[in-house]
Amino acid sequence: MSRNKLTVPEARKAMDQFKMEAASEVGVQLKEGYNGDLTTKQAGSIGGQMVKKMVEDYENRIK
């Protein structure tokens with residue numbers, strides 16, 4: 001069970017898709033559901049890519 005709580009629970013599907021896209025971009029294969037076999041490096045790469053994309057999106061919005 002995930003302990004991550006979204007402010008908008010209806011966004012879960014979009015966030016899962018976002019995570020899958022970020023994983024693909026950094027070359028990590030995710031499967032639906034639990035991915036506890038990922039290394040810390042792989043998980044960090046996915047999270048870092050997600051943050052990078054969110055920052056880029058924000059920067060583009062404020063231009």
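**Exercise 1.** In this predicted model, determine which residue forms a salt bridge with lysine 31, and classify lysine 31 as buried, partly exposed or exposed.

*Solution.*
Step 1. The partner of lysine 31 is aspartate 37; the closest N and O atoms of this salt bridge are 3.1 Å apart.
Step 2. The distance satisfies the criterion, because a salt bridge requires a side-chain nitrogen of Lys or Arg within 4 Å of a carboxyl oxygen of Asp or Glu.
Step 3. Lysine 31 has a relative accessible area of 42% and is therefore partly exposed.
Step 4. For aspartate 37 the value is 58%, so this residue is exposed.
Step 5. The general background is brief: side chains of opposite charge can pair when their charged atoms come close.

**Exercise 2.** State how many salt bridges a search of the whole structure finds, and explain what the pair of glutamate 25 and lysine 53 ties together.

*Solution.*
Step 1. The search of the whole structure yields three salt bridges.
Step 2. In one of them, glutamate 25 pairs with lysine 53, and their closest N and O atoms are 2.8 Å apart.
Step 3. Glutamate 25 belongs to helix α1 (residues 12-25) and lysine 53 to helix α2, so the salt bridge ties together parts that are 28 residues apart in sequence.
Step 4. Both residues are classified by accessibility: glutamate 25, at 45%, counts as partly exposed, and lysine 53, at 24%, also counts as partly exposed.

**Exercise 3.** Describe where aspartate 57 and arginine 61 lie, and classify each by its relative accessibility.

*Solution.*
Step 1. Aspartate 57 and arginine 61 form a salt bridge whose closest N and O atoms are 2.9 Å apart.
Step 2. Both residues are located in helix α2, with a separation of four residues, which is about one turn of the helix.
Step 3. Aspartate 57 has a relative accessibility of 37% and counts as partly exposed.
Step 4. Arginine 61 reaches 65% and counts as exposed.

**Exercise 4.** Identify the residues that form a nonpolar surface patch with methionine 54, and locate methionine 54 in the chain.

*Solution.*
Step 1. The patch consists of Val51, Met54 and Val55, which together have about 250 Å² of accessible area.
Step 2. Methionine 54 is situated in helix α2 (residues 40-62).
Step 3. Its relative accessible area is 43%, so methionine 54 is partly exposed.

**Exercise 5.** Find the place of valine 26 and list its contacts beyond its neighbours within four places in sequence.

*Solution.*
Step 1. Valine 26 occupies a position in the loop between α1 and α2.
Step 2. When the neighbours within four places are set aside, valine 26 is in contact with Ser45, Ile46 and Gln49.
Step 3. Valine 26 has 32% relative accessibility and counts as partly exposed.
Step 4. Methionine 15 is eleven residues from valine 26 in sequence, and the C-alpha atoms of the two residues are 17 Å apart in space.

**Exercise 6.** Summarise the chain in terms of its helices and strands, its buried residues and its charged side chains.

*Solution.*
Step 1. There are two helices and zero strands in the chain.
Step 2. Of the 63 residues, 14% are buried.
Step 3. The exposed area of the chain is about 5,500 Å², of which carbon and sulfur atoms supply 54%.
Step 4. The charged side chains comprise 11 positive and 9 negative ones, and the centres of the two sets lie 4 Å apart.
Step 5. Along the principal axes, the C-alpha atoms fill a box of roughly 40 × 25 × 15 Å.

Note on methods:
Residues numbered from 1 in each chain as written. Predicted model: local features only at pLDDT ≥ 70, side-chain atom pairs only at ≥ 80, totals over all residues. Heavy atoms only, no water. Patch = residues over 30% accessible without salt bridge, like charges linked within 9 Å, V, L, I, M, F, W, Y side chains within 5 Å. Areas by Shrake-Rupley, 256 points an atom, 1.4 Å probe, with all protein chains shown as cover. Buried < 20%, exposed > 50% of the residue type's maximum accessible area, 1.4 Å probe, protein only. Lys, Arg positive; Asp, Glu negative; His and termini not counted. Charge placed at Lys NZ, Arg CZ, Asp CG, Glu CD. Contact = heavy atoms within 4.5 Å.
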